[in-house]
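Subject: A structure for you to look at

Hello,

I am handing over a structure that you have not seen before. Please open it alongside this note, and then read on.

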Amino acid sequence: MSNLENKVAVITGGNSGIGYASAKELKENGAHVIITGRSSEKVKKAAAELGVKGIVADVTKLSQIDNLVNQVKNEFGKVDVLFVNAGVFTPAPIGNNTEESFDYQMDTNFKGAVFTLEKFLPILNESASVINLSSVLANKGVANTAIYSASKAAMNSYTKTSATELAPRKIRVNSINPGPINTPIYGKIGMPEEQLNEMATTFQNRVPLKRFAESSEVAKLVAFLASDDSSFITGSEYNIGGGINVSI
Ligand SMILES: NC(=O)c1ccc[n+]([C@@H]2O[C@H](COP(=O)([O-])OP(=O)(O)OC[C@H]3O[C@@H](n4cnc5c(N)ncnc54)[C@H](OP(=O)(O)O)[C@@H]3O)[C@@H](O)[C@H]2O)c1
């Protein structure tokens with residue numbers, strides 16, 4: 001168990017999947033947790049279930065990130081853990097990528113991630129930990145994921161540069177690259193169930209451990225990177241994909 005006693009942790013996209021499981025894990029490890037999301041109904045419900053603070057903020061809208069930072073500052077002061085987790089996945093083959101889907105994925109997964117860190121910077125404590133939720137796809141060439149993978153590759157590049165630039169403030173910045181994790185994200189693609197099951201089987205077969213992981217397994221890595229147990233780790237990418245990162 002990682003010691004997060006009295007640390008203030010903000011998790012974007014904390015009402016579902018990996019963010020939700022991480023909110024639970026960080027709280028159980030002693031942190032004061034704030035979760036966000038776009039849907040006020042979902043944020044309210046998740047915050048009540050978890051016993052944490054919920055704030056509605058769409059990461060694609062910079063004014064809403066400003067508002068989030070102000071609310072956190074007024075209620076909690078400074079932040080020790082920033083888990084930049086909010087993300088969307090809309091797969092499409094090359095030739096079928098629309099401007100709408102490009103903007104949606106880039107605005108959420110890359111621009112939203114960048115401006116979450118940029119805007120939280122003034123209220124990050126010395127020795128804060130920033131964790132960016134990326135994907136093993138950032139370093140792969142898996143069909144139908146070009147824009148999503150590029151958004152995560154861009155995020156990993158930003159992680160490395162920000163780790164170097166923020167080191168003088170002892171702020172650590174790392175990425176987590178999950179493989180397939182069993183979360184509601186796949187149900188939001190809008191694919192017919194049969195096609196969705198086919199995609200899931202393809203993903204699973206590529207994983208040497210031959211399964212999807214549960215969000216709680218990623219949450220344990222989030223807790224480690226959030227804690228002082230990882231005090232000398234910055235600018236790193238952590239693969240958590242049952243070996244998919246090394247298989248063909
Ligand atoms: N599941 C996987 O296999 C997998 C693998 C690799 C990486 N990832 C990454 O893991 C992260 C979490 O995904 P998940 O699988 O846990 O999916 P999920 O259950 O769909 O959760 C996504 C979360 O992001 C929030 N969100 C989406 N757009 C947002 C926006 N514009 N502003 C604020 N919040 C927003 C959603 O809340 P609202 O609906 O309220 O907006 C939700 O809380 C994502 O970055 C995803 O790309 C997932």
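Below is what was found in it, starting with the ligand and ending with two unusual backbone angles.

Please keep in mind that this is a predicted model.

The ligand first. There are 31 residues around the ligand, and the nearest of them are Gly13, Gly17, Gly37, Arg38 and Gly87. Sorted by class, this shell holds 16 polar, eleven nonpolar and four charged residues. Three elements each give at least two residues to the shell: helix H1 (17–28), strand S2 (32–37) and helix H4 (99–120). Of these, H1 supplies the largest share, with three residues.

Strand S2 is a good place to go next. S2 pairs with strand S3 (residues 53–56) in the parallel sense, over four bridges. Gly37, which you have just met as one of the residues that come nearest to the ligand, stands opposite Val56 in S3. Helix H2 (residues 40–50) joins the picture here, as S2, H2 and S3 together make a right-handed β-α-β unit.

Now to the nonpolar cores. In soluble globular proteins, nonpolar side chains tend to be buried together. In this model, the largest nonpolar core has 51 residues, and Ala9 and Leu82 touch the most other members. Helix H7 (residues 215–226) provides the largest share of this core, namely six residues. Another core, of six residues, lies apart from it and includes Val136, Leu137, Tyr148 and Ile244. If you would like to explore the contacts of Leu82 on screen, leave aside residues up to four places away in sequence; Leu82 then touches Val10, Leu117, Phe120, Leu124, Ala128 and Val130.

Finally, the backbone angles. Most residues other than glycine have a negative phi. Which way does the phi of Asn6 go, positive or negative? Asn6 is not a glycine, yet has a positive phi of about 65 degrees. Asn6 sits in the segment before strand S1 (8–11) and is exposed, with 9 other C-beta atoms within 10 Å. Lys170, also not a glycine, has a positive phi of about 60 degrees. You will find Lys170 in the loop between helix H5 (146–166) and strand S6 (172–178). Is Lys170 buried or exposed? Lys170 counts as exposed, because it has 12 C-beta neighbours inside 10 Å and the cut-off for exposed is 12 or fewer.

Enjoy looking around, and do write back with any questions.

Best wishes

How values were computed:
Residues are numbered from 1 along each chain as its sequence is written. This is a predicted model: local features need pLDDT of at least 70, side-chain atom pairs count only at pLDDT 80 or more; totals for chains, interfaces and linings use all residues. A residue is near a molecule or strand if its C-beta atom, placed from the backbone, lies within 6 Å of it. Ala, Val, Leu, Ile, Met, Phe, Trp, Tyr, Cys and Pro count as nonpolar, Asp, Glu, Lys and Arg as charged, and the others, Gly among them, as polar. A residue is buried if 20 or more other C-beta atoms lie within 10 Å of its own, exposed if 12 or fewer, and partly exposed in between; C-beta atoms are placed from the backbone. A nonpolar core is a set of buried Ala, Val, Leu, Ile, Met, Phe, Trp, Tyr and Cys residues joined through C-beta atoms within 7 Å. Two residues are in contact if their C-beta atoms, placed from the backbone, lie within 7 Å. Two strands pair if DSSP finds at least two bridges between them. A crossover is right-handed if, with the strands pointing away from the viewer, the path from the first strand over the helix to the second runs clockwise.
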